[in-house]
Amino acid sequence: MEVNIRIAGAAGQGIQTAAGLLGKALTRSNLFAYAYTDAESRIRGGLNFTHIRCSREPLAGVTNRIDILVALSKEALSAFEELMTEKSLVVAPQSWPHPHRVPAAIGKLAEQAGSEAVSGTVSIATAWKILGQAPGILETLIREHFASKKNVLAQNLKALNLVFDSSQQIPGAAYFHLPPASSTGTGRMWISGHEAVSLGAVAGGVTFVTGYPMSPATSILINMAQWHRQLEVIVEQAEDEIAAINMVAGASYAGARAMTATSGGGFSLMVEGLSLLGMIEYPAVIVLAQRPGPATGLPTRTAQGDLNFVRHAGHGSFPRVIIAPGNISECFDMTALAFDIAEQYQVPVFVMTDQLLQDSQTTMAPFAVGHLPKRRHIMSPEALTSLTGYRRYARTESGVSPLAAPGDSRHVVVVDSDEHDEAGHITESARIADEMAQKRLQKGKTLMEASWKNRLVGPVDGRPLVVGWGSSLETLKEAVSRLNAEGLKVAHFHLSWLWPVQEQMIRQPVQAASRLIVVDHSVDGGLGAYLREVALRAPDAVISRRDGRPFSVDELYGKLRAEVIE
């Protein structure tokens, strides 16, 4: 049994607070929830919503069907008619007529509780009652959330009690009852993608974070700023993105594990600094949270249009790594691993997310950390002291030189943005310039050998193959699973390590497919161009969106089915 709740209204009406309380309440009730947000780029007004999937089993794909609509504005009441079924229920003020509106006096109860501002609590309490849940867990969460505001807390508690004290039954509610809540606690957490990225950075040993605010990456910077004292992490808001990437280079030179987070427009400004990192060969983690462009585009919406930009950004040639989490769990793991990869190979590592992944929330068990590397790849002061000399760019078989931090020994650590010799000193020597270029190329080959094997679901031979990357993972998995359940045998290939890649690892499944279908949230089919280059095969079909809205399971299921049957 799955119930889909959409809380919709204007910006400033507390949609996020209401959805967060509901998500946490479901999580503490031994249930699972997944929520994604659709928001306009404005502080007040407009039409925004958070859509919550509730179930006894984990769910993480995007769906549009609405079982319970919590409408906080008149516009929200009428905007989603086509997504509702005959059994759908609407929670809305009694003065707004709707054939599916439940007989709950939202406005009147809020007034009795003491303020129109608690209409949101009345609404989600009503939704909670429709789900067949007792008020206890929701009451605890309200007490926690409003603990510092006694009057507001009292009003919200009164609002909750008024809803549950009412003996009035809600027609049709029994259809949406979920299992009775447990009060014992589950140990699971309710967490967002940006929180998972931030915690992954902490698990990866980050010690310096900088950036300039830009949606949807800003939330990462806010998290790190809020936690910096407990974690002893330096967090600096730079004056712009150019300063931010150069601060990362400087901090990395000093021995810090450094990170910045931005979106496409901000990364455009970082490109010169990216090349500096390539030339001086220093580690950096760059979280690129994608949104539609060009320019400001749709700043609060989602896209996957920056893959090839990131692959080719910068002047000159230098190695880099591009990885892309597919869900919130991977946001944690991959961000943590990015720090190890960056330092081991002394390269910039991109963690590519997007608005959907950043702002989604889900129920999940605490992150496992035992498998994460805890090593540093920087020379210890003791090891440095035993050296008679230190060459920052010493040539090695792998192309990776020993990494030292200045001040750890008597040796001087010299770097230069000009071409340099093995000691780091500027040079115009043709021979040395060629050797250094060869060194950087060799490092790229070493990285390629270390690349992960991407996720292949199901055998490919003779079957259509659906290829996706990044945040489409869970939605695609669910859509492909439906097709396979119907007997339409389809394989799913998901790319999480995008660059550099061992081409054969991608080429083999792509070329073995009877039909190649690419799902990519970009205007010009960036993933298709990538596959043409890497796998030497053009897609037979490309399914894309250009409007900044995420794919839904139903949409992908329908479009894939049409492509497979064709």
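In the predicted model, Arg 507 is found in helix α17, which covers residues 503-512. Its relative accessibility of 17% falls under the 20% limit, and Arg 507 therefore counts as buried. When residues up to four places away in sequence are not counted, Arg 507 touches Val 534, Ala 535 and Leu 536. The last of these, Leu 536, is found in the loop between α18 (526-534) and β19 (541-544), and its phi is near 60°, a positive value in a residue other than glycine. With a relative accessible area of 55%, Leu 536 is exposed, whereas Arg 507, which touches it, is buried.

Ile 506 is in contact with a set of residues that includes Val 534 and Ala 535, both of which are also touched by Arg 507. Leaving aside neighbours within four places in sequence, the contacts of Ile 506 further comprise Asn 454, Phe 493, Leu 495, Val 501, Tyr 530 and Leu 531. Ile 506 is also one of the residues with the most contacts inside the largest nonpolar core, a set of 93 residues in which Leu 495, Tyr 530 and Leu 531 are named alongside it. Helix α12, spanning residues 328-345, gives the most to this core, with 10 residues. Apart from this core lies another, of 50 residues, which has Ile 7, Ala 18, Leu 72 and Ala 110 among its members. In soluble globular proteins, nonpolar side chains tend to be buried together.

At the level of the whole chain, the secondary structure consists of 19 helices and 19 strands. The C-alpha trace spans about 85 × 60 × 40 Å along its principal axes. For 566 residues, a compact globule would be expected to have a radius of gyration near 24 Å, and the 26 Å computed for the chain agrees with this. Of the 566 residues, 57% are buried, and among contacts with a separation of 6 or more, 75% are accounted for by residues 24 or more positions apart. The chain exposes about 22,900 Å², of which carbon and sulfur atoms supply 52%. Its side chains include 51 that are positive and 55 that are negative, and the centres of these two sets lie 6 Å apart.

Two cis peptide bonds may be described together with their surroundings in the chain. One joins Ser 215 and Pro 216, with omega about 0°, and Pro 216 is found in the loop between β7 (208-211) and α8 (218-231). Another joins Gly 293 and Pro 294, again with omega about 0°, and Pro 294 lies in the loop between β10 (284-290) and α11 (307-312).

A positive phi is also found at Asn 30, where the value is about 70° although the residue is not a glycine. Asn 30 lies in the loop between α1 (15-28) and β2 (32-38), and its relative accessible area of 35% makes it partly exposed. Leu 536, for which phi is likewise positive, is exposed at 55%.

Ile 234 lies in strand β8, residues 234-237, and at 53% relative accessibility it counts as exposed. Its contacts, leaving aside neighbours within four places in sequence, are with Thr 207, Phe 208 and Val 209. The C-alpha atoms of Ile 234 and Phe 208 are separated by 4.8 Å, while the two residues are 26 residues apart along the chain.

Val 413, by contrast with the exposed Ile 234, is buried, with a relative accessible area of 5%. The place of Val 413 is in the loop between α14 (381-385) and α15 (430-450). Not counting residues up to four places away in sequence, Val 413 touches Tyr 253, Tyr 282, Tyr 390, Arg 392, Ala 404, Ala 405 and Pro 406. Between the C-alpha atoms of Val 413 and Lys 559, which are 146 residues apart along the chain, the separation is 56 Å.

Technical notes: Residues numbered from 1 in each chain as written. Predicted model: local features only at pLDDT ≥ 70, side-chain atom pairs only at ≥ 80, totals over all residues. Heavy atoms only, no water. Helix = DSSP H or I, 4+ residues; strand = E, 2+ residues; numbered from the N terminus. Rg over C-alpha atoms; globule rule 2.2 N^0.38 Å. Buried < 20%, exposed > 50% of the residue type's maximum accessible area, 1.4 Å probe, protein only. Contact = heavy atoms within 4.5 Å. Areas by Shrake-Rupley, 256 points an atom, 1.4 Å probe, with all protein chains shown as cover. Lys, Arg positive; Asp, Glu negative; His and termini not counted. Charge placed at Lys NZ, Arg CZ, Asp CG, Glu CD. Core = buried A, V, L, I, M, F, W, Y, C linked by side-chain atoms within 4.5 Å.
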